[in-house]
Amino acid sequence: MVKVPDTATPTPSFDYAPAPESRAIVDIAPSYGLFVDGQFVDGQGRAFKTINPATEEVLAEIAEASAADVDLAVRAARRAHTRVWSRMAGRERAKYLYRIARIVQERGRELAVLESIDNGKPIRESRDVDVPALAAHFFYYAGWADKLDHAGLGPDPRSLGVAGQVIPWNFPLMMLAWKIAPALAAGNTVVLKPAETTPLTALLFAEICQQADLPAGVVNIVTGAGATGRALVAHPDVDKIAFTGSTDVGKQIARTVAGTSKTVTLELGGKAANIVFDDAPLDQAVEGVVNGIFFNQGHVCCAGSRLLVQESVAEEVLARLKRRMATLRVGDPLDKNTDVGAINSAEQLAKIRQLSDIGEAEGAGRWSPPCDLPATGFWFPPTVFTGVTQAHRIAREEVFGPVLSVLTFRTPAEAVEKANNTPYGLSAGVWTEKGSRILWMANQLRAGTVWANTFNKFDASAPFGGYKESGYGREGGREGLLAYLKGASA
């Protein structure tokens, strides 16, 4: 008897094979000091540890800058400003910014891998968003350095002096670029404090400054936690404060600088509404909603954390959204297939869990797609809440995680009323095929940025900033440059 071979077609598998990026390109030192006056120096304070949020592995010991260390950094920045940087012709300053931008591109893979290790974000985002944005801002502001007469402050505008800059942990490289690049182009010197949970790429950027032969003291980097930031903000010889972070800390900074001559830019929290009308291209809108809230694990000030969907299409949009969420891959940030990486810290994970539990306790429907979370590290699944009202805390408070609240509306006026019913005003999104409706909504929404049929799109030439408790001032574009200049008569 002849046995006939089984020719049945096997069931196809749509699982992604692991595609890990190599850690070998990054050389993480056991410990790091402060970057002051062009050199790495030991801090006078104690050391703290930075860890990989995906594995809880200790990456390095970091010096915590004391008030005395901050003073040394500010003194170095003042000397560099007075003796070198403010006196240098704009075209010469531009050469340094161009050089930094080119080195960033050359070392882009190294920067991206280190950002994902220290922050927890997927390597695809670090590689394709964060690092290109870092280079783009330095290229853009290098172009401005010899054209300050055309910035809008009259002929021969002047730099402010020493800028104290404090950046958050969600976009360490991008926030560094948003602040340092325009400050240097305008002739200021900088003392930057990165977030305590993500200091490593700022310290690698210090190496890039050395590689670019940037004059000593033009960029100084002091690592530490809140006490270090407070010392920098309160230092009497700092002329400009630029801060991105929570609204609560922003209010503390505003109180600290009140009555001084310091100028301030604050980019704070948000609770953006992503508004979907019944005539919107729904598949495109769903992609925008997913990008708006699950990009960077929802660690985004302008995240579209409130989905406002017109009642007539609410069920359909929610069904499509759940199908799309079920395809999101949660896991190793260094895997090129990963969509949602690790939560940045245990503290942030606890906050996300607390607010999510409160949302469920207050009666909202909670849903997450089935996914296996790693046993170690800080993880939270993509989550959507339905049946949410304006009274729910998850609809009012900034969760800063991969958590979406869904509300409905019937008319454009109701959508505007609900979207604006928040103390924040950083961003919003509108999805509709009607151009006139887009323009009307954009005029009615009290938000610094309104995206139309897209979300989370940024450009170095476009200003960004908020209203109300989302802060004041703008970063990016000509407006971001003006924040570091004063007219010749000032």
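A salt bridge is a side-chain nitrogen of Lys or Arg within 4 Å of a carboxyl oxygen of Asp or Glu. The exercises below use a predicted model, in which local features need pLDDT of at least 70 and side-chain atom pairs count only at pLDDT 80 or more, while totals for chains, interfaces and linings use all residues. Residues are numbered from 1 along each chain as its sequence is written, and side-chain values use heavy atoms, with hydrogens and water left out.

**Exercise 1. Salt bridges between separate parts**

Find the distance from N to O in the salt bridge of Glu64 and Arg46, and state where the two residues lie.

Solution. Begin with the distance: the side chains of Glu64 and Arg46 meet at 3.3 Å, N to O. Next, locate the residues, using helices (H or I, at least four residues) and strands (E, at least two) as DSSP runs that are numbered from the N terminus. Glu64 lies in the loop between strand 5 (58-63) and helix 1 (67-85), and Arg46 lies in the loop between strand 3 (39-41) and strand 4 (47-51), so the pair ties together parts that are 18 residues apart in sequence. Then consider accessibility, where buried means under 20% relative accessible area, exposed over 50%, and partly exposed in between (1.4 Å probe, protein chains only). Glu64 is buried at 15%, whereas Arg46 is exposed at 66%.

A second pair can be treated in the same manner. Asp283 and Arg320 form a salt bridge whose closest N and O atoms are 2.8 Å apart. Asp283 belongs to helix 9 (residues 282-294) and Arg320 to helix 10 (residues 314-325), so this pair ties together parts that are 37 residues apart in sequence. Arg320 is partly exposed, with a relative accessible area of 22%.

**Exercise 2. A salt bridge within a helix**

Determine how many residues separate Lys418 and Glu414, and whether each is buried or partly exposed.

Solution. Lys418 and Glu414 both lie in helix 13 (residues 412-420), four residues apart, which is about one turn of the helix. The closest N and O atoms of their salt bridge are 3.3 Å apart. Lys418 counts as buried at 19% relative accessibility, while Glu414 counts as partly exposed at 25%. The structure as a whole holds 29 salt bridges, and one network of them links Arg78, Asp237 and Asp239.

**Exercise 3. A sheet and its helix**

Give the order of the seven strands in the open sheet, and then state which strands helix 13 touches.

Solution. The order is 14-15-16-13-12-18-19, with mixed pairing, where two strands pair if DSSP finds at least two bridges between them. The edge strands, each pairing on one side only, are strand 14 (365-367) and strand 19 (449-452). Inside the sheet, strand 12 (residues 273-276) and strand 13 (residues 306-310) pair in the parallel sense over four bridges, and the bridge partner of Ile275 in strand 13 is Leu308. Helix 13 packs on the sheet and touches strand 12, strand 13 and strand 16 (403-409), its direction making about 170° with that of strand 13. Here contact means heavy atoms within 4.5 Å, and axes are lines fitted to C-alpha atoms, for helices over the stretch in contact, with angles from 0 to 180 degrees between N-to-C directions.

**Exercise 4. Two cysteines**

Explain why Cys301 and Cys302 are too far apart for a bond.

Solution. A disulfide is a pair of cysteine sulfur atoms within 2.5 Å. The sulfur of Cys301 has its closest cysteine sulfur in Cys302, at 7.1 Å, which is too far for a bond. Both residues are buried, Cys301 at 9% and Cys302 at 3%. A search of the whole structure finds zero disulfides.
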